[in-house]
Amino acid sequence: MSTFSAILGCCVVVMLLSLILYVLFGQITVRKLRKNPETKYKLGLEFASGWDILNVAQALATPRKFHKVLERGQLAFLHANSELIAKHTNRFDRALAIVFFWMFMGSAFCLISLIILDKIGVFSS
């Protein structure tokens, strides 16, 4: 087994686990927020079905100061209202968001990096 295959396998396993957490987070947390009339329209722009799950996870998983900067900009409508989302979620929701969001982003970054490194010939020996 080559180094590329081993790293790729690890990234795919983490991505699959994060996709399972995506479904759980959507069903447990975002479903509850969609039903709440106060938070229903504060989940950010939905480019595709389920995009608001990523918006809510980002709002709960990233540092508040960073998210406040995003919410004050001209593209604020793209992001979920982090303060309102945090007000209507519990500790379990926030922990699930942090685990899901960073596993998803980390594995996606790793997969993209592997593709680029493979294209430039790092693993071709």
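**Figure 1. Long-range contacts in the predicted model of the protein chain.** Residues 24 or more positions apart account for 71% of those contacts in the protein chain that have a separation of 6 or more. The model shown here, as in the other views, is predicted. The chain holds 5 helices and 0 strands, and from the N terminus on its elements follow the order α-α-α-α-α.

**Figure 2. Extent, burial and surface of the protein chain.** Along its principal axes the C-alpha trace spans about 55 × 30 × 25 Å, and 33% of the 125 residues in the chain count as buried. The protein chain exposes about 7,900 Å², of which carbon and sulfur atoms supply 68%.

**Figure 3. Charged side chains of the protein chain.** The protein chain carries 14 positive and 7 negative side chains. The centres of these two sets lie 5 Å apart.

**Figure 4. Ser107 and its place in helix H5.** Ser107 belongs to helix H5, which comprises residues 91-119. Ser107 has a relative accessible area of 3%, and because this value is under 20%, the residue counts as buried. A polar atom of the Ser107 side chain lies 2.9 Å from the backbone oxygen of Met103.

**Figure 5. Contacts of Ser107 with residues distant in sequence.** When its neighbours within four places in sequence are left aside, Ser107 is in contact with Cys11, Val14, Met15 and Ser18. The view can be read together with the preceding one, in which the buried Ser107 is shown as part of helix H5.

How values were computed. Residues are numbered from 1 along each chain as its sequence is written. This is a predicted model: local features need pLDDT of at least 70, side-chain atom pairs count only at pLDDT 80 or more; totals for chains, interfaces and linings use all residues. Side-chain values use heavy atoms; hydrogens and water are left out. Helices (H or I, at least four residues) and strands (E, at least two) are DSSP runs, numbered from the N terminus. Buried means under 20% relative accessible area, exposed over 50%, partly exposed in between (1.4 Å probe, protein chains only). Contact means heavy atoms within 4.5 Å. Accessible areas come from the Shrake-Rupley method with a 1.4 Å probe; for residues, only the protein chains shown count as cover. Lys and Arg count as positive and Asp and Glu as negative; His and the chain ends are not counted. The place of a charge is taken as NZ of Lys, CZ of Arg, CG of Asp or CD of Glu. A polar contact is a pair of N or O atoms within 3.5 Å; within protein, one must be able to donate a hydrogen and the other to accept it, and residues adjacent in sequence count only if both atoms are side-chain atoms.
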